[in-house]
Amino acid sequence: MKRTLWLEDGTSFVGTAFGADIETTGEVVFQTGMTGYQEMLSDPSYCDQLIVLTNPLIGNYGVNREDFETTVPMAKGLIVKEVCDAPSNFRSTATLSDTLKRFNIPGLAGVDTRMLTRHLRSRGVMRGVMVDGESTWDLVKDRFDGLLPTDQVERVSTKRAYVTTGSGPRIALIDFGAKLGIMRELVKRDCEVVVLPHDVTAEEVLRYEPDGIMLSNGPGDPKDVPTALPLIETLMPKLPLFGICLGHQLISLAGGADTFKLPFGHRGANHPVLELETGAVTITSQNHGYAVDESSLATTGLVVTHRAVNDGTVEGVKHLHYPTFSVQYHPEAAPGPYDANDLFDRFMQLVQENKQKVGM
């Protein structure tokens, strides 16, 4: 079946339909990872987005039960050059197309994804509509009226608290759209993890008597999550905090800094990041459309610790007075390299040091 992607500037890309037989709308973004389409598709940070994959062949190793980053993917669509209907991998249990049908996500194949990516790089990410059959700009232009939703975090966050047991430190994980990879890394370090909704209050968090706080990744504009700022302001002086991606942006906002939208974001598994203190460059997995404004950090008590090699944007901060630090990238990877995985160990060290300090 013929399926067309229309961008809000009137540009169209025609291809064939796969996945779910529905029409959809969302923000069109591109992802440069060569593998990991299952993890990308199921990353809650892609809520309400149409994902363009730049690798030309997608679906060749199928989909398995272990590599999902959330139980119900929230992406609005998937756009590829070529989709494989006959995957070959011993872990595969389903095709990509069947998986998209299962989660009611439409796919578009047979388009020039290189041309589409270059268009988004030069014009910036924009809204898109995928429609089936014959279509014209006059028929679809009204679908761009109005704004995109701003409640993505509310939709992807857990609705109630739950716990995974462990004999190590108790970590409160505030779920703004957390990938399962974050929990896996904490459980691997024998932590007891208490997962809490995005709108939890500081008083509710402290009732669990955690040893440390993790602020997860998540979708959308950090300024659309204002309830998180008083939470973070209250917790920063009390306990070690580690923020990832959206969590990093929220820590900066809570400290008094500002954020801005990038023209086309950082989405891929090969983004080099410089650690200013050591001079080491780490290859990282990233998925974000916003960044912290470095000039706004001057009076916040936060200092830059990491910087993107490609465009110089802020990739990490730490607080000068509190045991708080954050990074814009994903140390849990999934997909992507595990070069930055040691940040979880640094967080564990902060937690242990704080416990010893409190116990003195």
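Here a trainee and a mentor talk through a predicted model of a protein chain.

Trainee: What makes the protein chain count as being as compact as a globular protein of its length?

Mentor: Set two values side by side. The radius of gyration is 20 Å, and the globule rule gives 21 Å for 360 residues; the two are close, so the chain is as compact as a globular protein of that length. Its C-alpha atoms fill a box of roughly 70 × 45 × 40 Å along the principal axes.

Trainee: What is the chain built from, and how much of it is buried?

Mentor: The chain has 10 helices and 19 strands. Of its 360 residues, 57% count as buried. Look at the contacts too: among those with a separation of 6 or more, 73% join residues 24 or more positions apart.

Trainee: And what does the surface look like in numbers?

Mentor: About 15,300 Å² is exposed, and carbon and sulfur atoms supply 51% of that area. As for charge, there are 33 positive and 46 negative side chains, and the centres of the two sets lie 2 Å apart.

Trainee: How do you know that C47 is in no disulfide?

Mentor: Start with the bond itself. A disulfide is a covalent bond between the sulfur atoms of two cysteines. To count here, the two sulfur atoms must be within 2.5 Å. For C47, the nearest cysteine sulfur is that of C245, and it is 14 Å away. That distance is beyond the cut-off, so C47 is in no disulfide. Seen from the other side, C245 has the sulfur of C47 as its nearest, again at 14 Å, and is in no disulfide either. The structure as a whole holds zero disulfides.

Trainee: Why are C47 and C245 called buried?

Mentor: Buried means under 20% relative accessible area. C47 has 3%, so it counts as buried. C245 has 2%, so it is buried as well.

Trainee: Why is R3 buried or exposed, and where does it lie?

Mentor: R3 lies in strand β1, residues 2-7. Its relative accessible area is 0%, which is under 20%, so R3 is buried. You can also find F13 from there: it is 10 residues from R3 along the chain, and their C-alpha atoms are separated by 8.6 Å.

Trainee: What makes T259 a buried residue, and what does it touch?

Mentor: T259 is found in strand β15, residues 259-275. Its relative accessibility is 6%; the cut-off is 20%, so T259 counts as buried. Leaving aside residues up to four places away in sequence, T259 touches P222, K223, Q249, L253, A291, V292 and D293. Its C-alpha is also 8.7 Å from that of E294, a residue 35 positions away in sequence.

Trainee: Why is helix α9 called mostly covered?

Mentor: Count its residues. α9 spans residues 246-255, and nine of its 10 residues are buried. Among them are Q249 and L253, two residues that T259 touches. After α9 comes G256, whose phi is positive, near 110 degrees.

Trainee: Which residues of helix α6 are buried?

Mentor: In α6, residues 180-188, they are G181, I182, M183, E185 and L186. Just after this helix, D190 takes a positive phi of about 65 degrees.

Trainee: What makes the phi of D190 worth pointing out?

Mentor: Most residues other than glycine have a negative phi. D190 is not a glycine, yet its phi is positive. You will find D190 in the loop between α6 and β12. N104 is another such case: it is not a glycine, and its phi is positive, about 60 degrees. N104 is in the loop between α2 and β8.

Trainee: Why are D190 and N104 called partly exposed?

Mentor: Partly exposed is the range between the 20% and 50% cut-offs. D190 has 37%, so it falls in that range. N104 has 47%, so it counts as partly exposed too.

Trainee: How do you know that the peptide bond from A334 to P335 is cis?

Mentor: Look at its omega, which is near 0 degrees. Most peptide bonds are trans. P335 lies in the loop between β19 and α10.

Note on methods
Residues are numbered from 1 along each chain as its sequence is written. This is a predicted model: local features need pLDDT of at least 70, side-chain atom pairs count only at pLDDT 80 or more; totals for chains, interfaces and linings use all residues. Side-chain values use heavy atoms; hydrogens and water are left out. Buried means under 20% relative accessible area, exposed over 50%, partly exposed in between (1.4 Å probe, protein chains only). Helices (H or I, at least four residues) and strands (E, at least two) are DSSP runs, numbered from the N terminus. The radius of gyration is taken over C-alpha atoms; the globule rule is 2.2 Å times the number of residues to the power 0.38. Contact means heavy atoms within 4.5 Å. Accessible areas come from the Shrake-Rupley method with a 1.4 Å probe; for residues, only the protein chains shown count as cover. Lys and Arg count as positive and Asp and Glu as negative; His and the chain ends are not counted. The place of a charge is taken as NZ of Lys, CZ of Arg, CG of Asp or CD of Glu.
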